[in-house]
Amino acid sequence: MADVVVRQATEKDVDDIYEIEHLCFPDPWSRDALMYELVENPRAFYIVAELDGQVVGYAGLWWIGDEGHITNVAVRPGFRNRKIGEGIVDVMLEFTSEEGIAHHTLEVRRSNTPAIKLYEKAGFSVEGVRRGYYLNNGEDALIMWRHSE
């Protein structure tokens with residue numbers, strides 16, 4: 001099997017990202033919103049993971065001063081538990097830290113234990129809660145931060 005390649009996303013990746021978004025999240029972003037992120041939003045930075053030429057995961061971030069707000073991290077079902085998510089997060093953090101982001105944040109469902117463990121492994125810790133954050137079921141979001149020193 002080939003190695004996973006992580007690269008910056010382009011507008012040609014929108015359909016794959018859209019498909020993964022819909023497979024992974026109960027409140028997925030629209031194709032138009034994703035296209036805006038990839039093409040027009042000057043603060044957005046997206047990467048994809050490819051395996052044998054197929055996009056199998058992605059992550060997005062909003063770049064605001066020295067902070068990065070990670071908006072999405074997803075791995076296509078059937079490709080999970082292969083450390084692809086870990087690789088995506090590591091590449092995102094390494095690249096954006098080298099470019100000047102000192103603080104990274106994200107929200108994650110309180111019930112999403114695999115994601116929480118992934119983020120903790122990457123150096124994030126819980127610093128707050130957004131009560132009723134998720135519209136589909138009113139679940140709380142944990143606010144996690146990672147601070148570079």
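Contact here means heavy atoms within 4.5 Å. This is a predicted model, in which local features need pLDDT of at least 70 and side-chain atom pairs count only at pLDDT 80 or more, while totals for chains, interfaces and linings use all residues. Residues are numbered from 1 along each chain as its sequence is written, and side-chain values use heavy atoms, with hydrogens and water left out.

**Exercise 1. Surroundings of Thr 105**

Find the element that holds Thr 105, and list the residues that Thr 105 touches, not counting those up to four places away in sequence.

Solution.
- Step 1: Thr 105 is part of strand β5; strands (E, at least two residues) and helices (H or I, at least four) are DSSP runs, numbered from the N terminus.
- Step 2: The relative accessibility of Thr 105 is 6%, so the residue counts as buried. Buried means under 20% relative accessible area, exposed over 50%, and partly exposed in between, with a 1.4 Å probe and protein chains only.
- Step 3: With residues up to four places away set aside, Thr 105 touches Gly 68, His 69, Ile 70, Phe 124, Ile 143, Met 144 and Trp 145.

**Exercise 2. Surroundings of Thr 96**

State where Thr 96 is placed, and how far its C-alpha lies from that of Phe 45.

Solution.
- Step 1: Thr 96 belongs to helix α3.
- Step 2: Its relative accessible area is 0%, so Thr 96 is buried.
- Step 3: Leaving aside neighbours within four places in sequence, the contacts of Thr 96 are Phe 45, Leu 61, Trp 63, Ile 101 and His 104.
- Step 4: Thr 96 and Phe 45 are 51 residues apart in sequence, and their C-alpha atoms are 9.1 Å apart.

**Exercise 3. Buried and exposed sides of α4**

Identify the buried residues of helix α4 and the elements they pack against.

Solution.
- Step 1: Helix α4 covers residues 113-121, and Ala 115, Ile 116, Leu 118 and Tyr 119 are buried in it.
- Step 2: These residues cover an arc of only 160° around the axis, which puts them on the same side of α4. The arc is that of the directions from the helix axis to the C-beta atoms.
- Step 3: The face turned away from the buried side carries the exposed residues Pro 114, Lys 117 and Lys 121.
- Step 4: The buried residues of α4 pack against β4 (67-75), α3 (84-98), β5 (103-109) and β7 (141-147).
- Step 5: Just after α4, Gly 123 has a positive phi of about 100°.

**Exercise 4. The buried face of α2**

Determine which residues of helix α2 are buried and where they pack.

Solution.
- Step 1: In α2 (residues 31-39), the buried residues are Leu 34, Glu 37 and Leu 38.
- Step 2: Viewed down the axis of α2, they fall within an arc of 95°, so they line one face of the helix.
- Step 3: They pack against α1 (14-24), β2 (44-51) and β3 (54-64).

**Exercise 5. Positive phi between β4 and α3**

Give the phi values of Asn 81 and Lys 83, and say whether each residue is buried or exposed.

Solution.
- Step 1: Asn 81 is in the loop between β4 and α3, and so is Lys 83.
- Step 2: Asn 81, a residue other than glycine, has a positive phi near 65°. Lys 83 is not a glycine either, and its phi is positive at about 70°.
- Step 3: Asn 81 is exposed, with a relative accessible area of 84%. Lys 83 counts as exposed at 60% relative accessibility.
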